[in-house]
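Please work through the exercises below with the sequence and the coordinates open beside you. Each one sets a task and then gives a solution in steps.

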Number of protein chains: 2
Amino acid sequence: MDRTQQLVQHFLSHRNVTVELIGKIEEENYNYKPTPTSMSTQELATHILTSFYQFASLAKKGEAKPLETNETNLAKLADIYTEATQKLLEDMHDEDFDRVVEAMGAQMPAGQLLQIAMDHEINHKGNLFVYVRELGHTDLPMFVKRG
Amino acid sequence: MDRTQQLVQHFLSHRNVTVELIGKIEEENYNYKPTPTSMSTQELATHILTSFYQFASLAKKGEAKPLETNETNLAKLADIYTEATQKLLEDMHDEDFDRVVEAMGAQMPAGQLLQIAMDHEINHKGNLFVYVRELGHTDLPMFVKRG
């Protein structure tokens, strides 16, 4: 398995869980937040989806272009972003991983940026697990799904 | 930077944040849980610390030996486990990463097991961020600390 395939597999092994959790958020709970200073479920889900897309765009194309969509249903938004992000990642070639990009005020290889993108997804998916349990769901997936 | 140094740096960039969050849990909140089916703060913190140590022990030594300690203060426990885990990781040599170990019912190279260990830490640290905010803390660190 080459580096691109490993990356896509790692991405999907977590993203498929993110998508499953987002699918449990009913529209009447889009404004739910655990505390007044927390992100709402809608803000958190959107932050996860848009962040990885923009990290991947920056890694592949050198600029963090946002995806244009008017979709407001979170489950549909998750599908749109996941498909678009997967495409960007599948298009990463060996030379792309070493190209230096500017992110968060620092210069780093695109491969390192994508590691941060993975960690960012896993961190906020970890937040989302607590939110979804607080919304009454107790039948939750493992934090990662292989294969 | 070689593979071992990268691993140790990646571990500490997240573990230092875990330790900071655990340091915010007062003893009277050790039994706090967001919902009846959640782990308590004490269970969650202990699970994070013991899991990485045992993953690292399995990766380095081929067996997931628990660390023996009677410490019950979570902040002190975090220091004990972090120091012991860092030592195991610093002792990983190039040949150790490729050695196949049995974990979670599958055979995998130790390097892959340590990637799962990192993801496991970040996932549960993501849970812990929500817990600590619910305990009234709003001045929280970034999810990762570099350098």
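The exercises that follow concern a predicted model, and they go from the relation between the chains to local details.

**Exercise 1. Determine how chain A is related to chain B, and find the C-alpha of chain A nearest the axis.**

Solution. Begin with the general principle that two copies of a chain are related by a rotation about an axis and a shift along it. Here, superposing chain A on chain B takes a rotation of 180° with 0.0 Å of shift along the axis, and the RMSD is 0.0 Å. The two copies are therefore related as by a two-fold rotation axis. In chain A, the C-alpha nearest that axis belongs to A:Gly126, at 2.1 Å from it. As a last step, compare the two sides of the contact: 100% of the interface residues of chain A are also interface residues in chain B, so the copies meet through the same surface.

**Exercise 2. Describe the contact between chain A and chain B by its residues, its area and its polar pairs.**

Solution. Count the residues to start with: 22 come from chain A and 22 from chain B. Next take the area, which is about 1900 Å² buried between the two chains, with 61% of it on carbon and sulfur atoms. Of the area that chain A buries against chain B, 26% is supplied by A:Asp119, A:Asn123 and A:Phe143, more than by any other three residues. Then look for specific pairs: between chain A and chain B there are zero salt bridges, while eight residue pairs are in polar contact, both residues being at pLDDT 80 or more. On the side of chain A that touches chain B, α1 (3–22) and α5 (110–134) each supply at least two residues, and α5(A) gives the most, with 13 residues. Sorted by type, the residues of this side are seven nonpolar, 11 polar and four charged.

**Exercise 3. Locate the salt bridge of B:Lys145 and state which parts of the chain it links.**

Solution. A search of the whole structure gives 12 salt bridges over all chains. In one formed by B:Lys145 with B:Glu20, the closest N and O atoms are 2.6 Å apart. The pair links distant parts of the chain, since B:Lys145 is in the segment after α5 (110–134) of chain B and B:Glu20 is in helix α1 (residues 3–22), 125 residues apart.

**Exercise 4. Check the length of α2 in chain B against its expected span, and find the residue that follows.**

Solution. Helix α2 of chain B has 21 residues (41–61), which at 1.5 Å a residue should span 30 Å; its end C-alpha atoms are 30 Å apart, so the two values agree. The helix is followed by B:Gly62, whose phi is positive, near 80°.

**Exercise 5. Describe the surroundings of A:Asn73.**

Solution. Place A:Asn73 in the loop between α2 (41–61) and α3 (74–90) of chain A. A polar atom of its side chain lies 2.9 Å from the backbone nitrogen of A:Lys76. Not counting residues up to four places away in sequence, A:Asn73 touches A:Glu27 and A:Tyr30.

Definitions and conventions
Residues numbered from 1 in each chain as written. Chains lettered and ligands numbered in written order. Predicted model: local features only at pLDDT ≥ 70, side-chain atom pairs only at ≥ 80, totals over all residues. Heavy atoms only, no water. Contact = heavy atoms within 4.5 Å. Buried area = accessible area lost by both parts, 1.4 Å probe. Salt bridge = Lys/Arg side-chain N within 4 Å of Asp/Glu carboxyl O. Polar contact = N/O pair within 3.5 Å; in protein donor to acceptor, adjacent residues only side chain to side chain. Helix = DSSP H or I, 4+ residues; strand = E, 2+ residues; numbered from the N terminus. Nonpolar A, V, L, I, M, F, W, Y, C, P; charged D, E, K, R; others polar. Expected span 1.5 Å × (residues − 1). Least-squares fit on C-alpha atoms with pLDDT ≥ 70 in both.
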